[in-house]
Amino acid sequence: MISSKIAAKLKRGKALFMLSTTIGFTLFFAQNMNAQNTVKDTVFKANGNPIITHKYTADPSALVYNNKVYLYTGHDEAAKGKNSYVMHDWLCFSTTDMQTFTEHPSPLSVKDFAWAKGDAWASQVIHYNNKFYWFVSISHGAIHGKSIGVAVSDSPTGPFKDAIGSALITNDMTKGTNISWDDIDPTVFVDKDGQPYLFWGNTILNYVKLKKNMIEMDGPMQTVNVPKFTEAPWVHQKNGWYYLSYATEFPEKIAYAMSRNINGPWEYKGIINEIAGNSNTNHQAIIDFKGKSYFVYHNGALAADAGSFHRSVCIDYLYYNKDGTIKRVIMTSEGVKPVK
């Protein structure tokens with residue numbers, strides 16, 4: 001017969017064994033989960049256009065920061081042959097020479113917006129007041145149609161988090177058209193006086209001043225009247241001119257207008273990019289980097305069967321005439337050369 005003291009020791013020893021075993025399994029499980037969930041940066045070299053060939057990328061935007069170009073793209077994930085947009089997250093790449101790229105783990109997905117239900121459509125990241133703001137097109141979970149959300153980070157590679165906890169713009173706020181996808185393709189431009197502006201839209205081009213917290217509108221929404229606007233606005237400035245480029249008609253080309261003032265009037269100047277091969281859509285970013293100007297866009301070159309839904313980002317040079325107008329972009333297979 002076991003004494004009460006021995007029984008108590010055995011019981012205590014069994015409890016300690018079970019506790020240590022539980023802790024051990026917990027640590028093992030956590031370590032393995034962390035190993036599985038840790039995604040590292042990967043480096044690759046572009047071999048002409050498209051620049052990214054290991055996955056489908058679309059709707060590019062670009063940010064020049066600290067002697068690097070950060071490239072932010074959508075991510076086409078539709079099954080082979082599926083003719084629809086399947087997009088769950090956004091991707092981030094960086095380069096110092098326009099040839100060797102670092103792919104960073106995806107810093108933002110639809111799941112980061114609790115109020116949204118899907119569709120990681122076109123977006124742009126802007127650096128302002130020492131933070132990085134990511135404006136995205138996304139489907140709202142409770143309000144029918146597309147919306148514009150904003151995420152924020154202290155780093156250009158994230159992680160990003162929802163900056164508002166709700167949408168900045170929803171479909172019920174814009175009444176110029178009855179389509180449900182008119183609140184897409186946000187682009188933000190910060191003028192020389194520090195005032196940020198948000199442009200966005202489909203079939204109707206809207207714009208509004210933003211407060212300097214970047215998460216509130218500062219005044220009424222306005223519209224820009226440019227010929228045959230479809231979507232994908234992008235605003236940049238060079239040598240005293242403001243440039244507004246955008247996708248026009250369908251299948252889409254890229255057209256542009258010029259102005260001496262961010263508020264217009266805008267003078268239409270014509271087409272700068274023809275239909276990008278095997279893709280109904282066209283979406284551009286225009287940047288200057290290390291003394292050269294670049295035109296970033298997508299085509300459907302890597303997917304013969306459904307290129308419009310399996311797009312790929314490309315980069316070619318952009319040139320200006322002496323009067324400030326833009327020359328036609330020549331789309332090439334070779335792409336651009338490395339820069340130092």
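Q: Which side chain makes a polar contact with the side chain of K269 at 3.3 Å?
A: This is a predicted model, so take the atom positions in that spirit. K269 lies in strand β18. Its side chain reaches a polar contact of 3.3 Å, and the partner is the side chain of E267.

Q: Is K269 buried, partly exposed or exposed?
A: Buried would need a relative accessible area under 20%, and exposed would need over 50%. K269 comes out at 35%, so the label is partly exposed.

Q: Which residue sits 56 places from K269 in sequence but 7.5 Å away in space, C-alpha to C-alpha?
A: Leaving out residues up to four places away in sequence, K269 touches Y256, A257, M258 and T325. One of these contacts also has its C-alpha 7.5 Å from that of K269, despite a gap of 56 residues in sequence, and that residue is T325.

Q: Which two side chains make polar contacts with the side chain of T281?
A: T281 sits in the loop between β18 and β19. Skip residues up to four places away in sequence, and T281 touches Y85, E231, F250, E252, H298 and R311. Side-chain polar contacts link T281 to one partner at 2.9 Å and to another at 3.3 Å. Those partners are H298 and R311.

Q: Is T281 buried or exposed?
A: Being in a loop doesn't settle this one, so go to the number: the relative accessible area of T281 is 7%. The cut-off for buried is under 20%, so T281 is buried.

Q: How many residues make up the largest nonpolar core?
A: Strands β3, β4, β15, β16, β17, β19, β20 and β21 each put in at least two residues. I51, L71, M98, Y294, F295 and I315 touch the most other members. The full count for this core is 38.

Q: Which residues does M98 touch, not counting those up to four places away in sequence?
A: M98 is one of the core residues that touch the most other members. Two of its contacts, Y294 and I315, are on that list as well. The whole set is V69, F289, Y294, I315, V336, K337 and V339.

Q: How many residues are in the other core, the one with L63, M87, C92 and F113 among them?
A: This core lies apart from the largest one. C92, one of its members, is buried at 0% relative accessibility. The core's size is 23 residues.

Q: How are the rings of F295 and Y297 arranged?
A: The structure holds 19 aromatic pairs, and F295 with Y297 is one of them, at 5.6 Å centre to centre. Planes under 30 degrees apart would be stacked and over 60 edge-to-face; here the angle is 40°. F295 is buried at 0% relative accessibility and Y297 at 1%. The arrangement is tilted.

Q: Which residues do ring pairs link into a cluster?
A: F113 takes part here, and it also belongs to the core of 23 residues. Linked together by ring pairs are Y72, W90, F113, W115, W134 and F160.

Q: Which ring does the charged end of R260 sit over?
A: There are a couple of charge-over-ring spots to look at. The charged end of K146 is 4.1 Å from the ring centre of W121. For R260 the distance to the ring centre is 3.6 Å, and the ring belongs to W241.

Q: How many disulfides does a search of the whole structure find?
A: C92 is buried at 0% relative accessibility, and C314 is buried at 0% too. The search needs a pair of cysteine sulfur atoms within 2.5 Å, and its count is zero.

Terms used:
Residues numbered from 1 in each chain as written. Predicted model: local features only at pLDDT ≥ 70, side-chain atom pairs only at ≥ 80, totals over all residues. Heavy atoms only, no water. Phe/Tyr/Trp six-rings, centres within 6.5 Å; stacked < 30°, edge-to-face > 60°. Buried < 20%, exposed > 50% of the residue type's maximum accessible area, 1.4 Å probe, protein only. Lys NZ or Arg CZ within 6 Å of the ring centre and 35° of its normal. Core = buried A, V, L, I, M, F, W, Y, C linked by side-chain atoms within 4.5 Å. Helix = DSSP H or I, 4+ residues; strand = E, 2+ residues; numbered from the N terminus. Contact = heavy atoms within 4.5 Å. Polar contact = N/O pair within 3.5 Å; in protein donor to acceptor, adjacent residues only side chain to side chain.
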